[in-house]
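Work through the exercises below with the sequence and the structure at hand. Each task is followed by a solution in steps.

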Amino acid sequence: MRPFTYTQPKTIEEALTASVTNSDSKYLGGGTNLVDLMKEDVERPSQIIEVADLDFNTITSNDTGGFTLGAMLSNSETANHPDIRKNYPLLSMAMLSAATAQIRNMATNGGNLLQRTRCPYFFEVSMPCNKREPGSGCGALEGANSKHAIFGWSESCVATHPSDMCVALAALEATVTLQKPGGTSRTIEFTDFHRLPGDQPEKDNTMLPGEIITAIDLPSPKFQSNYHYLKIRERSSYAFALISVAAGLQISGGKITDIGLAMGGVAHKPWKLIKAEAFLTGKMPTKANFEQAAELALRDAKTLSDNEYKVTMGKKAIVRALEQALAKTA
Amino acid sequence: MNTDISIGTGNPIDRVEGRLKVMGLAKYASEFNVKNLAYAQGINSTIAKGTITAIDTSEAEKQKGVIKVLTYKNADKLKQYDEELPAISTSSIQPVLQSADVHYYGEYVGLVIAETFEQAQYAASLVKYTYSEEKPDIDFDSSRAKAYRPTEKSDYSRGDISQGLAEADVTLEQIYNTPIEHHHPMELHAIIASWNNGNVEAYASQQIIDDATLTIADTFQIEKKNVRVIAPFVGGGFGSKLHAKQHVILGVMASKQLGRPVQMTVTRNQMFTNTNLRQRNEQKIQVGAKSDGSLTALSHDTLSHTSTYEEFQESCGTVTKMLYKTPNNKVRHRLMPMNLQTPFAMRAPGEATGSFALESAMDEMAWKLKMDPVDFRVKNDTQVDPSSDKPFSSRLLNECLKIGAKEFGWEDRPQKPGTKEEGNWLVGYGVSGASRRAPYQKTSAKVILELKDSEVFATIQMDATDIGTGSYTIIAQTASEYLNIPVAQVDVELGDSDFPKTLGSGGSWGAASFSNGARAACENAIASLEEKSGLKIADAGLAKLMRSGNLTSFEAEGTAEPDEEFKNHSVFSFGANFTEVWVDKDTGVFRIKRMLNVASCGKILNPKTAFGQIIGGCVMGAGMVIAEQTKVEPNYGNFITRSFADYHVPVNLDMANIDVIFLPEEDKIANKMGIKGVGELGITSVAASIANAIFNATGKRMRDLPITPEKLIVAEKEPGVA
Ligand SMILES: Cc1cc2nc3c(=O)[nH]c(=O)nc-3n(C[C@H](O)[C@H](O)[C@H](O)COP(=O)(O)OP(=O)(O)OC[C@H]3O[C@@H](n4cnc5c(N)ncnc54)[C@H](O)[C@@H]3O)c2cc1C
Ligand code: SF4
């Protein structure tokens with residue numbers, strides 16, 4: 001590991017100021033992603049600014065009738081919090097499917113949003129990778145890409161975003177609050193937070209240099225009775241999703257009145273299935289309708305040499321997740 | 001350290017060294033307190049084939065704490081291989097850093113030695129290499145033309161295979177694939193080496209102490225008696241520690257150059273590139289049978305790879321030669337030199353992989369013949385090893401199958417694939433038969449007896465190793481039995497080349513060899529004491545024997561080795577595995593619901609440690625099916641699975657309850673104590689049992705391991721399945 005300095009600011013202002021003095025800085029949440037990448041020589045900050053202990057570690061109700069998750073709260077505390085379990089069980093379910101209990105205890109909500117892709121070329125510094133080293137080429141494009149994207153990729157990067165939590169946040173239509181050096185804060189729609197690779201795959205998201213995530217805002221409680229997070233993976237725990245689906249349904253009078261549907265493991269960002277959502281809204285929750293929605297959702301998929309299976313898997317996963325969500329009704 | 005007051009073998013006692021382990025007092029190779037220690041970190045090549053044209057060590061050498069950077073330019077000249085592509089064994093030399101050539105991605109190309117581990121690791125990342133790169137052979141398919149026959153023994157045949165197939169009413173020809181896998185014992189490979197005036201002392205994590213001393217001595221061309229290797233505890237090996245790898249030589253070389261002790265630990269990443277692997281095997285099986293189920297032909301062709309500078313062949317066809325009665329049999333092994341690391345033995349080499357192919361094919365045949373797969377195997381039993389014409393010392397395969405079927409509830413198995421449902425799941429049952437050679441090696445031991453008050457305390461010494469399997473415990477139990485004193489009064493000291501010689505742990509020979517070695521030493525001690533005193537131990541007891549000779553201490557050595565009876569028989573352990581799986585109808589995911597392993601492996605010295613071996617083997621076998629594989633990057637030749645985040649071994653949730661039944665047996669032909677191996681039987685054929693259950697559940701025949709969701713979801717049903 002390369003030498004670096006370590007600071008523990010007491011306030012967010014101190015943290016923001018520290019980042020301005022050294023543009024090579026990285027904020028440290030739980031470190032479960034950043035430290036791994038530093039050991040691999042992928043991330044090379046010369047200054048580490050610890051933000052995990054800053055005062056953004058509570059869950060409070062917000063003025064939209066929903067709840068606000070502190071960015072520094074751990075994934076475990078968030079997923080197991082009574083307000084979250086009761087009001088957003090879809091989010092709890094997604095978060096608890098991730099990693100292991102030990103990692104979730106360390107991982108922070110802010111860090112989860114910013115965890116980097118698991119693309120093996122990104123992790124191996126001797127390989128070409130535009131995300132790690134812009135201009136070096138994309139090793140995966142014509143290499144080992146069975147776990148890579150089928151939506152929204154570009155010739156310069158075909159990576160996927162690995163988070164489970166984010167798939168649920170996309171389905172729930174959360175927003176992210178950021179604070180930048182100088183003190184002003186802003187709020188971004190969750191679907192605008194992560195970006196597609198385009199010709200700048202080194203940028204995972206739309207954050208500005210030095211910004212700190214302070215909170216994730218959830219709208220008023222949603223999908224408390226009809227929800228499911230389906231995660232297909234190579235082993236029963238401690239593995240990233242090959243494909244995942246977050247599905248939430250609001251049903252009234254035998255019809256779907258509100259729906260949240262998003263996929264993981266398929267794109268550079270959590271992939272909201274907008275067409276499928278629109279198709280199902282106002283329709284009856286039947287298997288035939290679910291299947292049509294799944295067809296619609298996968299229609300624009302563009303596969304790589306090794307990931308054609310994701311189209312079949314994606315369709316089946318959507319239908320199954322919706323069926324399971326439906327079956328949750330008492 | 002040992003508190004068990006029971007006497008003798010056969011009791012399920014706790015591990016005698018268990019307390020030390022849980023208290024952190026059991027010392028592993030890199031934990032010894034050696035003064036003035038320096039730390040070495042290996043540097044790995046970043047190309048798969050080519051030559052080093054320039055090395056810039058200046059930046060690394062400038063760093064604080066860095067003592068030396070070793071490359072091929074300033075490395076000691078070591079003994080080189082005499083031949084091209086030498087077959088490697090557990091005691092082969094290990095030349096390293098001897099030229100500018102790079103043979104595979106991740107090969108050691110240098111070493112940084114520094115005052116601390118962190119300094120060495122950081123400086124290692126600063127050494128800059130320039131290569132002249134060549135196109136590597138990393139693609140299995142395009143290497144086929146290079147396939148060659150490693151040795152004459154790579155081919156075997158009896159009868160006439162084409163005639164056997166022609167006589168058959170039903171035939172099958174299929175190809176089965178198993179991927180590259182890695183051993184990954186929990187303890188990282190490590191050495192602390194001290195070179196002192198041509199004498200070497202090394203704490204090294206090795207399975208075979210005597211062979212490690214030989215590798216060091218031969219590679220440095222010094223006398224073996226000047227090398228001492230110590231490994232009281234080894235945190236697993238699975239075959240990767242049978243042989244002293246290159247880091248052992250690098251550690252010794254660094255110590256020689258520096259004139260001070262050096263520690264070298266292989267990192268988890270380097271455990272993929274520098275401690276060998278299980279090779280990918282493509283196995284073609286042909287089977288012929290009469291409509292009544294009797295086999296007329298069995299053929300097994302294996303195509304695999306070795307490195308471009310060393311040869312190792314995994315003998316997948318071994319099982320096919322001997323497991324079933326068939327007059328016509330052909331077995332072939334071919335290797336392709338490729339720019340990949342040299343493969344080496346991994347738990348049940350040949351059997352774990354070969355039995356996946358054979359036992360899957362047997363299941364396919366049973367289905368074609370419309371026979372129950374248990375009955376089909378029972379029908380083709382043989383009590384004589386058809387490959388050697390020697391009788392089996394004991395063979396209870398049919399009993400394993402029949403008892404297993406009864407206990408498992410095999411009669412509930414769906415007769416037609418894909419017909420038993422539970423909600424979104426399809427339920428299936430699978431079975432496989434297993435065999436694993438039960439070797440027995442020449443083994444010596446020393447017993448030291450001490451009389452304190454009126455009690456005798458014994459210490460057993462041998463250079464055997466305990467690789468986590470329970471060697472300490474069963475040796476203590478054996479000595480307790482033959483000396484007729486409580487286990488608590490026996491101390492066992494292992495893992496030091498100054499102790500009497502054994503062949504260490506590996507190949508499932510440990511338990512039988514170590515126990516009989518300890519037995520021989522104890523019997524010799526008693527015989528001498530009886531002669532001296534004129535008393536009989538049975539009447540007087542050990543303490544009286546010693547007292548009557550005015551002895552407060554007494555030593556004896558003994559050696560046990562295979563006799564004529566052993567050599568005149570074919571000696572194997574046998575078993576059967578039964579599995580129930582649930583396969584999701586849609587998502588490509590499956591779950592193991594329960595498993596039963598029936599094992600016939602001679603006398604069970606300690607049911608608790610033996611049980612651990614079998615269930616550990618079953619989990620490792622399940623890993624072969626669930627997700628375990630090392631993937632080669634198709635353009636550059638590095639491994640894209642390079643940490644436990646992507647190299648997936650089973651987690652608790654993947655496994656279900658595993659029941660084990662040991663058939664009561666003592667195989668006195670195998671050895672005096674009637675012991676056969678258990679360590680590798682458990683993993684053997686588990687993969688086939690699971691794959692066969694998946695077929696029974698879904699009608700999908702999965703012939704490529706691992707059976708990941710990405711494969712299962714797009715697999716088609718077998719032709720003929722409704
Ligand atoms: C073996 C393994 C398996 C895993 N499996 C899964 C899985 O199945 N599903 C899943 O979703 N995840 C999985 N994870 C990933 C895990 O969820 C993330 O590593 C974790 O959420 C990151 O949080 P952290 O607080 O540790 O982030 P850190 O490692 O501390 O930081 C990550 C990044 O975020 C930045 N950062 C952190 N906090 C802030 C902030 N408040 N503002 C601005 N920047 C910030 C850091 O600078 C860094 O760039 C796995 C991880 C491992 C190691
Ligand atoms: S897919 Fe993206 S992360 Fe992976 S190699 Fe290509 S550029 Fe790098």
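## Exercise 1: Two turns in chain B

Asp453(B) sits in the loop that links β18 (443-452) to β19 (455-461) of chain B. The model is predicted.

**Task.** Find the sign of phi at Asp453(B), then find the residue with a positive phi in the turn between β9(B) and β10(B).

**Solution.**
Step 1. Most residues other than glycine have a negative phi.
Step 2. Asp453(B) is not a glycine, yet its phi is positive, at about 50°.
Step 3. β9(B) and β10(B) make a hairpin with two residues between them, and Asn197(B) in that turn has a positive phi of about 45°.

## Exercise 2: The strands around the hairpin

**Task.** State in which sense β10(B) pairs with β9(B) and in which sense it pairs with β11(B).

**Solution.**
Step 1. Strands β9 (residues 190-196) and β10 (residues 199-204) of chain B are joined by six bridges in the antiparallel sense. Ser194(B) is opposite Glu201(B) of β10(B).
Step 2. β10(B) also runs parallel to strand β11 (residues 227-230) of chain B, with four bridges between them. Here Val200(B) is opposite Val227(B) of β11(B).

## Exercise 3: A cis peptide bond

**Task.** Say whether the peptide bond from Leu705(B) to Pro706(B) is cis or trans, and locate Pro706(B).

**Solution.**
Step 1. Most peptide bonds are trans.
Step 2. The bond from Leu705(B) to Pro706(B) has omega near -10° and is cis.
Step 3. Pro706(B) belongs to the loop between α18 (686-698) and α19 (709-712) of chain B.

## Exercise 4: A mixed sheet in chain B

**Task.** Give the strand order of the open sheet that contains β14(B), and name its edge strands.

**Solution.**
Step 1. The sheet has five strands in the order β7-β15-β14-β13-β8 (chain B), and their pairing is mixed.
Step 2. At the edges are β7 (155-158) and β8 (170-178) of chain B, each paired on one side only. From one strand to the next, the twist averages 10°.
Step 3. Within the sheet, β14 (residues 295-306) and β15 (residues 328-337) of chain B run parallel and share ten bridges. Leu298(B) has Asn329(B) as its bridge partner in β15(B).
Step 4. Helix α9 (residues 351-369) of chain B lies across β8, β13 (281-289) and β14 of chain B, at about 150° to β8(B).

## Exercise 5: An antiparallel sheet in chain A

**Task.** Give the order of the strands in the open sheet that contains β8(A), and explain why one side of β4(A) and of β7(A) has no neighbour in the sheet.

**Solution.**
Step 1. Five strands, ordered β4-β5-β8-β6-β7 (chain A), form the sheet with antiparallel pairing.
Step 2. β4 (59-61) and β7 (185-189) of chain A are at the edges and have a single partner strand each, so one side of each lacks a neighbour in the sheet. The twist averages 25° from one strand to the next.
Step 3. β4(A) is paired with strand β5 (residues 67-70) of chain A by three bridges in the antiparallel sense. Ser61(A) is opposite Phe67(A) of β5(A).
Step 4. Helix α1 (residues 12-21) of chain A lies across β6 (175-179) and β8 of chain A, running at about 135° to β8(A).

## Exercise 6: The surroundings of ligand 1

**Task.** Determine which chains surround ligand 1 and how much of its area the protein buries.

**Solution.**
Step 1. Ligand 1 is surrounded by 33 residues, the closest being Tyr27(A), Gly30(A), Gly31(A), Thr32(A) and Thr108(A).
Step 2. The surrounding residues come from chains A and B, so the site is shared between chains.
Step 3. In chain A, β2 (25-28), α2 (34-39), α7 (109-114) and β8 (212-217) each contribute at least two residues to the shell.
Step 4. The shell consists of 17 nonpolar, eleven polar and five charged residues.
Step 5. Oxygen atoms of ligand 1 come within 3.5 Å of N or O atoms of the protein. An N or O atom in the side chain of Thr32(A) is 2.7 Å from a ligand oxygen. For the side chain of Thr108(A) the distance is 2.6 Å, and for a backbone N or O atom of Ala99(A) it is 3.0 Å.
Step 6. Ligand 1 taken alone exposes 970 Å², and the protein buries 96% of that.

Methods
Residues numbered from 1 in each chain as written. Chains lettered and ligands numbered in written order. Predicted model: local features only at pLDDT ≥ 70, side-chain atom pairs only at ≥ 80, totals over all residues. Heavy atoms only, no water. Pairing = 2+ DSSP bridges. Axes fitted to C-alpha atoms, helices over the stretch in contact; angles between N-to-C directions. Contact = heavy atoms within 4.5 Å. Near = heavy atom within 4 Å. Polar contact = N/O pair within 3.5 Å; in protein donor to acceptor, adjacent residues only side chain to side chain. Areas by Shrake-Rupley, 256 points an atom, 1.4 Å probe, with all protein chains shown as cover. Nonpolar A, V, L, I, M, F, W, Y, C, P; charged D, E, K, R; others polar.
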